[in-house]
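The exercises below are meant to be worked through with the sequence and the coordinates open side by side. Please try each task before reading the solution that follows.

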Amino acid sequence: MAEDQRFGEFVGVTRHEGGTVAELTLDRPKAMNAVSSDMARSIGAACDALAADSDVRVVVVASSGERAFCVGADLKERNSFSDAELVRQRPVTRAAYTGVLDLPMPTIAAVHGFALGGGFELALACDLIVADDSAVVGLPEVSVGVIPGGGGTQLLPRRVGAARAAELIFTARRLEAQEARELGLVDHLVGAGQDRTEALALAARIAANSPVGLRAAKRALRLGHGLDLRAGLEVEDAAWRSVAFSGDRAEGVAAFNEKRAPRWPGV
């Protein structure tokens, strides 16, 4: 049974699959989920709560609105800021993006409509992106005199390579769903209106696996990225050692030999 929890006015968390899948919903549809200071605080708070919840094995980041996943920063709010206010807001907004990025369990973005600027950066902070046919993605920040500041300059090249990322960021162009899939900006392309359904189905498949194993695998993938092979293998070995003597490992081996579904202790 789903369990709902609110974080401020604009963010909700719903638990599925007996609590093993958590859906973090951006819920400011009238503003197409433009990230205001209040919304950024709520995203950060929701991520803090999810990170501390040992029952959650997968997080899906979704949108309640029909027109957009998220259009990025609330530029109307930003337009009213003094320089000092903008400086004070920066840690607040940064904590929202790093909150998603630092979640210890696998994360999936369910994208439809516009995912632009900071909105696409929220998706890039996830491990996987499921997009429907209506999706339009891009990092247009240089067209309004800034740069991607929610991780885009670092996360996009890790997906598509340095030169491709440079072209997309420097031109500020938007990509429709099919081209985004062809270039690797999204991982799964589904029919219109199916992004959330497919992301939750993928999350359920992932959540059937060991929570200890999932978190260790994500840690190895994240920490090992960009290292030379030998250093990366040391990261992998440390992650392996963290699970090798766990209750999940013992249960997984026992369940395999007994030809039954595992009952993960999560430790």
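**Exercise 1. A patch on the surface**

Which residues form a nonpolar patch on the surface, and about how much accessible area do they have together?

Solution. Bear in mind from the outset that this is a predicted model. The patch consists of Leu75, Val144 and Val146, which together have about 280 Å² of accessible area. Taking one of these residues further, Val144 sits in the loop that runs between strand S9 (136–138) and helix H5 (152–160). With a relative accessibility of 54%, Val144 counts as exposed, because the cut-off for that class is over 50%.

**Exercise 2. The buried face of helix H5**

Determine which residues of H5 are buried, how they are arranged around the helix axis, and what they pack against.

Solution. Begin with the list of buried residues in H5, which holds Gly152, Leu155, Leu156 and Val160. Looking down the axis of H5, one finds these buried residues within an arc of 110 degrees, and therefore they line one face of the helix. The next step is to ask what lies against them: the buried residues of H5 pack against helix H3 (83–101), helix H4 (118–124), helix H6 (162–171) and helix H7 (177–183). Finally, follow the chain just past the end of H5, where Gly161 adopts a positive phi of about 95 degrees.

**Exercise 3. Two cysteines without a bond**

Explain why Cys47 and the cysteine with the closest sulfur are not bonded to each other.

Solution. A search of the whole structure yields zero disulfides. The cysteine sulfur closest to that of Cys47 belongs to Cys126 and is 8.6 Å away, which is too far for a bond; the cut-off for a disulfide is 2.5 Å between the sulfur atoms. As for their surroundings, Cys47 is buried with a relative accessible area of 2%, and Cys126 is buried as well, with a relative accessible area of 4%.

**Exercise 4. Salt bridges and the parts they tie together**

For the salt bridges Glu23–Arg196, Arg159–Asp187 and Arg241–Asp237, find where the partners lie and how exposed they are.

Solution. The whole structure contains 12 salt bridges, and the three pairs can be taken in turn.

- In the pair Glu23 and Arg196, the side chains meet with 2.5 Å between N and O. Glu23 belongs to strand S3 (residues 21–26) and Arg196 to helix H8 (residues 195–207), so the bridge ties together parts that are 173 residues apart in sequence. Glu23 counts as buried at 4% relative accessibility, whereas Arg196, at 37%, counts as partly exposed.
- In the pair Arg159 and Asp187, the closest N and O atoms are 2.6 Å apart. Arg159 is part of helix H5 and Asp187 is in the loop between H7 and strand S11 (188–190), so this bridge joins parts that are 28 residues apart in sequence. Arg159 is partly exposed, with a relative accessible area of 24%, and Asp187 is also partly exposed, at 23%.
- In the pair Arg241 and Asp237, the N to O distance is 2.7 Å. These two residues are four residues apart in helix H10 (residues 229–244), which means that about one helical turn separates them. Arg241 counts as exposed at 52% relative accessibility, while Asp237, at 29%, counts as partly exposed.

Beyond these pairs, Asp127, Lys218 and Arg222 are linked in a network of salt bridges.

**Exercise 5. The surroundings of Ile108**

Is Ile108 buried or exposed, and which residues does Ile108 touch?

Solution. First locate Ile108, which is found in strand S6 (residues 107–111). The relative accessible area of Ile108 is 0%, and Ile108 is therefore buried. Leaving aside residues up to four places away in sequence, the contacts of Ile108 include Val58, Val60, Leu128, Ala199 and Ile206, and Cys126 from Exercise 3 is also among them.

**Exercise 6. Positive phi outside glycine**

Where do Glu17 and Lys259 lie, and how exposed are they?

Solution. As background, most residues other than glycine have a negative phi. Glu17 nevertheless has a positive phi, near 50 degrees; Glu17 lies in the loop between strand S2 (11–16) and S3, and counts as exposed at 52% relative accessibility. Lys259, likewise not a glycine, has a positive phi of about 55 degrees. Lys259 is located in the segment after helix H11 (247–257) and counts as exposed, at 76% relative accessibility.

Technical notes
Residues are numbered from 1 along each chain as its sequence is written. This is a predicted model: local features need pLDDT of at least 70, side-chain atom pairs count only at pLDDT 80 or more; totals for chains, interfaces and linings use all residues. Side-chain values use heavy atoms; hydrogens and water are left out. Buried means under 20% relative accessible area, exposed over 50%, partly exposed in between (1.4 Å probe, protein chains only). Patches are made of residues with over 30% relative accessible area and no salt bridge: like charges are joined within 9 Å, nonpolar side chains (Val, Leu, Ile, Met, Phe, Trp, Tyr) within 5 Å. Accessible areas come from the Shrake-Rupley method with a 1.4 Å probe; for residues, only the protein chains shown count as cover. A salt bridge is a side-chain nitrogen of Lys or Arg within 4 Å of a carboxyl oxygen of Asp or Glu. The arc is that of the directions from the helix axis to the C-beta atoms. Contact means heavy atoms within 4.5 Å.
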